[in-house]
Every structure is written in C-alpha cells, then in structure tokens.
Amino acid sequence: MTRPLPDQSLGPEWTILELLARGIVDDPERQLARELLTSDTLDWGELLEQALRHKMLPMLAHHVVSAELRFDLPTSIYLHLESALEWNRWQINLFRTETARVAQSLAENGIPFVVTKGMTFESTLYAGLGTRHMNDIDFMIAPRDREKVLNLTKELGFRPFYEWAKDARREEISSRLNPDHLPKLAREVDQPGIRMIQIDVANSLTWTRSPFDVPVEEALENRVEQPVPGLPGVSLPCFQPTYQFLFTVLHLFREAWLQKFVDFGTDVSLMKFGDVIRLFDQHHNDLVDGELLRTMDVHHVTDSVAWVLRHMDETFHTHAVKSLALEKHGDEKRLAAQMSSSGYVRASDQSMRERLQSKGRGSSRSAAPAHSGS
Amino acid sequence: MDDITIQFEECLRRHLRSAKPTAINYEVELVQLGLDSMTAVAVLLDMEKTFGIRFPDDMLVEGTFRTAGRLKEAVQLLRARKAS
C-alpha cells in the first residue's frame, strides 16, 4: 500500500520531520523533502529545535548530506549538521563496544537478557548509518536477576546515577518504588565529547502496577542473535520480531500514558513512532501471520497496542490497524478507565499529531496535553 | 520524642485527596485515601523534608507506607535514629 504525502498544514519544518520519521522511500517523498529543505522561507530555527526535541538531528543531518544539499543550505547550518552526524556515529561506535562488553559479562554469568531499542534498531531499522539517536544502552532482564545484574554492572564500573533528573532524590525514590527498571546506571569515560555512558536495564515489558503485562520470562525465551556492525564475530541477543514489536509499542504506550514522562517532556516523539513504523514494515509478514495477535490476546494487551497503532496510522498515513484487523480495538475510554489514577495522563481532545508538535509539554511548561479522544 | 501527629497528618493531607480534614484512620490502607505511585513519591519526599530524615533504601518499599500507622512508625524510627 502506498502512503499519501503528509499534509503540510503544520508547516514545512514539521512536514520534513514527519517524512524523515516514517522513512523517505520513493521519489515523490524525496522530491518533497528537497523542495522544502531548499525553500527560501524555511525556518531553520524551528526545524532544528523540533529535530532536537524529537531526537532526529542525526537523521536530518544524514538526509541533507546524502541528498547533496551542501550548497543549497546556509553554510553554517550544513556544517553543524555534518558534525552532529559525525559525532553521533562516533558515540554509536563507542556504545557498540560498551554494549558488547556488558553483554559478554551477562552471558558469562548465565543471565538471560536481550539488548533493546536504539542499539538493536540502529543497525536493523536504520541500516547502520549512524542516524538513530541514542541517550543510553538498553537491556532487558528477568526480575529474578535484578540483584545479580546490579552487582555485575558495579564490577564493570557502573553506579546508580540520578543527577540527570531535575530532582535527584525524587527520581531515586521513584526508582525504588517502581522496580520495573534497575536504577539508571552510568560509568564515567575518558572519551572526546562523551563524559559518561549510561545503561538502562528494564525487567518488565510494561511498568510497575500496569493493568496488563507480557511476562518478561516468556519474551526472553524468544531471542535471536544480531551481528554488531564494526565488531566482526560479535553478536547480541535481541527479541524475535513478535516480542520486539510488542515491547516497542508497549513502551511507546507507557510513555504516552504515564504522567511522569510528560512532566519530563520525554513522552511521545516522532523518533519513537518512526521505530514502530520501521519495525512493522520490516517484519510485516511475521507480524501479520497470527502469532502476534494471539500473544496480544493471551496477555490482554490488544487494546493498548491498537491504541498506539491507530494514532500512528492517523498521524503518518500508515495502515497497521487494517493489516492486523484491529479496527474494533483500542478504545480510549476503556483504557482510561483502567488507568484513572493521578499517575496517568488524562485524555484531552488534542490529536496525537498536535501533541507531538506541541512544545508545551513538561512540568516547567504550561498544562500537559494528552490524548486524542478518538 | 516530640509528638509528630499534627505535622504528620498535615503532610498526608497535602497529598491524599481522600484523607478527611478531621481524623485520619491509621489502620486503613493509604491507597484507599488516594495514594498512588506518583503521590507515594510526593508523600515520602515531603516526610523527609518536614522531619529532616532520609528513608534508607530498605525502607523504600510499599510495606513502609501501606497504612498511615506504618508510615508514622517509620518516620518516628528514623527521627529516633537521627537523634541518637
């Protein structure tokens, strides 16, 4: 199925980012991106700000470099984008080596685990071009291994790290009371441009006290090995497509619905939707063969998955809901009834597209927008 | 040791929407008074600030604040430790 070009009602800057997020795959999309990027009226300040907010600066940079727009852009902006891309590639290389180091230790100690999110997506969904932004390295383990992994990572030089949060003590207490992750861990490194490497170790596909869940032990039984670019002979375990897709979608659902992510301004983003779009495209045949739907049904996550996919389809003109025959699922009122405490975002009549574009998210800003009523 | 009841209950009322202004039932579970994952963090932070204490890691578990009675005992214990 072809996708229509994005409507440009939210401006050329936003259209460029929507195109990049869903992936530019054909000539009309390439042509539109070129026209918008070389327009005299393009607001580069707005484009760069939104690219940063949505963690898409390296992706934007790669596009302008590969489309050979060197002499069509303001020179200072082009050079900045070029160096941002190089820096991202440098960080990814460092992260790959560090991931392999931690993974080796976990494997040697017999701990079942997978690497998730950016580190796996960068090489599989983003072709290893260095365009996927990463804050940290993500792992998933079983809850029973929390203490063992905490001790192992200490031996590897990591320590709990809360200083990234505005209120470190609040974050520390929150982390202890919500044991779906280990405390954020960091290791200081002596590398140009990188002060420390952070790892984020989850032990749940959802969150503490979630009304639904996919057992992490079941997901960890379904692993595949993935090679690491630039490290010959090294591979990392990651989820097989069904669980990779479920985790990624449920993660986006979690960040869309939990108030704390809105408070931090780290809830929904174009990049996270872009991950889901690419996962669905790349594993389409695996995902529509029935196993995914059965797994969703068994673990009562059909509504939450359908909610994410419907918002994705409405925003990016994809066709995931129809492909999976989920039209009757994802009712927002039913989900809101399950999640009505103050820890969850309350519904509003704003569309997901408007929510994504809004800069008014985060505790230091005005009231947080929420979900579309659809 | 000073009686901390008034300060303690004021602290709870600041965060629990269902806590009555007159009397707080020390036996009822705090979730029934409106405690959830967000307010639990806020209550503990406020207790730390109000009483100049710090909950150690092994007390940052649900059992510590299951009821107002349990939480008050924890606060009193930490105040006593601090004073000794």
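**Exercise 1. State the pattern that chain B follows along the sequence, and judge its compactness.**

Solution. Step 1: read along the sequence, the pattern of chain B is α-α-α. The count for chain B is three helices and zero strands, where helices (H or I, at least four residues) and strands (E, at least two) are DSSP runs numbered from the N terminus.

Step 2: chain B has a radius of gyration of 12 Å, close to the 12 Å that the globule rule gives for 84 residues, so chain B is as compact as a globular protein of that length. The radius is taken over C-alpha atoms, and the rule is 2.2 Å times the number of residues to the power 0.38.

Step 3: the C-alpha trace of chain B spans about 35 × 25 × 20 Å along its principal axes. Of the 84 residues in chain B, 26% are buried; a residue is buried if 20 or more other C-beta atoms, placed from the backbone, lie within 10 Å of its own.

The model is predicted: local features need pLDDT of at least 70 and side-chain atom pairs pLDDT 80 or more, while totals for chains, interfaces and linings use all residues. Residues are numbered from 1 along each chain as its sequence is written, and chains are lettered from A and ligands numbered from 1 in the order in which they are written.

**Exercise 2. Describe the side of chain A that touches chain B.**

Solution. Step 1: 13 residues from chain A and ten residues from chain B take part in the contact; two residues are in contact if their C-beta atoms, placed from the backbone, lie within 7 Å.

Step 2: helix 8 (residues 168–177) of chain A gives the largest share of the chain A side, six residues.

Step 3: the chain A side holds two nonpolar, seven polar and four charged residues. Here Asp, Glu, Lys and Arg count as charged; Ala, Val, Leu, Ile, Met, Phe, Trp, Tyr, Cys and Pro as nonpolar; and the others, Gly among them, as polar.

**Exercise 3. Determine how strand 4 of chain A is joined to strand 5 of chain A.**

Solution. Step 1: strand 4 of chain A and strand 5 (residues 194–202) of chain A run antiparallel and are joined by five bridges; strands pair if DSSP finds at least two bridges between them.

Step 2: A:Leu185 has A:Ile199 in strand 5 of chain A as its bridge partner.

Step 3: the hairpin of these strands has two residues between them, and A:Gly193 takes a positive phi near 80 degrees there.

Conventions: A residue is buried if 20 or more other C-beta atoms lie within 10 Å of its own, exposed if 12 or fewer, and partly exposed in between; C-beta atoms are placed from the backbone.
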